[in-house]
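This report introduces a protein structure to a reader who has not met it before. The sequence and the model are shown first, and the description follows.

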Amino acid sequence: MNKDIILNKTKTFVKDKLYNEGSGHDWFHTKRVYNLATYLCEKEGGDEFIIKMTALLHDIDDWKFSNNNKTTEDFLKSLDVNEEDIHKIMNIITTMSYKGGVVDSTQDNLEGKIVQDADRLDAMGAIGIARAFTYGGSKNRLMYDPNIKPRDFHSLDEVKNLNNHTVNHFYEKLLKLKDLINTDTAKQIAEERHRFMEIYLDEFFYEWNFNKEK
Ligand code: ADP
Ligand code: NI
């Protein structure tokens, strides 16, 4: 099968599967990551097919909701993608996620660095803020509770299940992303998105504490 046909079939497959996903991994997230990754590939290089396929499939078997990556791998096999490419794509997808900072998510090839940067950029800025509160809402979490301070996680179980509020997620992950970005092109975009989150949090606390009793 030719690569354009594979890419088109993959878009249709992912769109069908993720269209109504409610925790911030919906099809529009995938589409933004795809657009960002394509832009980074234009500027930084890398194998365009691997980058686009990985961006499209990266959230099909999310670790928070699924225990294996079977759906993704089976789909790639059904399209007759060659073994080497399947291996490369699966390797990036299974290692790129931040996972509360408790596991190593370092990428050793340019394609992985680019898709990871694209996914992380979409967790920052105005969209990142909206996604964080959407995710928190999907877990019935408070947006903020001043009594619960940010913390370092020690296991994936803690990351998934610890009672938390969404403002902590900024300090536990989102504000750290700027320094974890791999490519120079993405770093420039990350600087702006980081600043926007800082301005947002200043305003959030200003409003939260408005005329607070001493
Ligand atoms: P990654 O793409 O690194 O795997 P996640 O899947 O953990 O990231 O996150 C998907 C989206 O949900 C991101 O926008 C992220 O900030 C948000 N999110 C994940 N965990 C939380 C949380 N505990 N509170 C608020 N938002 C979260
Ligand atoms: Ni993602």
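In this predicted model, the buried residues of helix 10 are covered by surroundings that include helix 2, helix 6, helix 7 (125–138) and helix 9 (166–172). The residues of helix 10 that are buried are Thr185, Ala186, Ile189, Ala190, His194, Met197, Leu201 and Phe204. Helix 10 itself runs over residues 184–208 and has 25 residues. From its first C-alpha to its last it reaches 36 Å, close to the 36 Å expected at 1.5 Å a residue.

Helix 1 can be described in a similar way. It comprises the 16 residues 3–18, which at 1.5 Å a residue should span 22 Å; the C-alpha atoms at its ends are 22 Å apart, in agreement with that value. Its buried residues are Ile6, Leu7, Thr10, Val14 and Leu18. Because these buried residues fall within an arc of 95° when seen down the axis of helix 1, they line one face of the helix. They pack against helix 2 (27–44), helix 3 (48–57) and helix 4 (70–78). On the face of helix 1 turned away from the buried side are the exposed residues Asp4 and Asp16. At the N-terminal end of helix 1, Asn2 acts as a cap, with a side-chain oxygen 2.8 Å from the backbone nitrogen of Asp4.

Helix 4, one of the partners of helix 1, contains Thr72. Is Thr72 buried or exposed? With a relative accessibility of 0%, Thr72 counts as buried. Its side chain is joined to that of Asp61 by a polar contact of 2.6 Å. Apart from neighbours within four places in sequence, Thr72 is in contact with Leu57, Ile60, Asp61, Met90 and Ile93.

The model also holds a metal site. Which protein residues are the donors of the nickel ion (ligand 2)? They are His29 (NE2), His58 (NE2), Asp59 (OD) and Asp119 (OD), and they lie 2.1 to 2.3 Å from the nickel ion. The angles among the four donor atoms run from 84 to 170°, and the site is irregular. Along the chain, the donors of the nickel ion follow the spacing H-x28-H-D-x59-D. His29 lies in helix 2 and Asp119 in helix 6 (residues 110–121), so this pair ties together parts that are 90 residues apart in sequence. His29 is buried, with a relative accessible area of 0%, and Asp119 is buried as well, at 17%.

Three asparagine residues are set out in the table below.

| Residue | Place | Relative accessible area |
|---|---|---|
| Asn140 | loop between helix 7 and helix 8 | 75%, exposed |
| Asn161 | helix 8 (residues 156–161) | 53%, exposed |
| Asn211 | segment after helix 10 | 72%, exposed |

The backbone of Asn140 has a positive phi of about 60°, although Asn140 is not a glycine. For Asn211, phi is near 55°, again a positive value in a residue other than glycine. Asn161 is described here by its separation from Lys139: the two residues are 22 residues apart in sequence and, from C-alpha to C-alpha, 9.7 Å apart in space.

Technical notes: Residues numbered from 1 in each chain as written. Chains lettered and ligands numbered in written order. Predicted model: local features only at pLDDT ≥ 70, side-chain atom pairs only at ≥ 80, totals over all residues. Heavy atoms only, no water. Helix = DSSP H or I, 4+ residues; strand = E, 2+ residues; numbered from the N terminus. Expected span 1.5 Å × (residues − 1). Buried < 20%, exposed > 50% of the residue type's maximum accessible area, 1.4 Å probe, protein only. Arc of directions from axis to C-beta. Contact = heavy atoms within 4.5 Å. Polar contact = N/O pair within 3.5 Å; in protein donor to acceptor, adjacent residues only side chain to side chain. Donors = N, O, S within 2.8 Å, 3.2 Å for Na, K, Ca; no water. Tetrahedral: all angles 85-135°; square planar, octahedral: opposite > 155°, others 65-115°.
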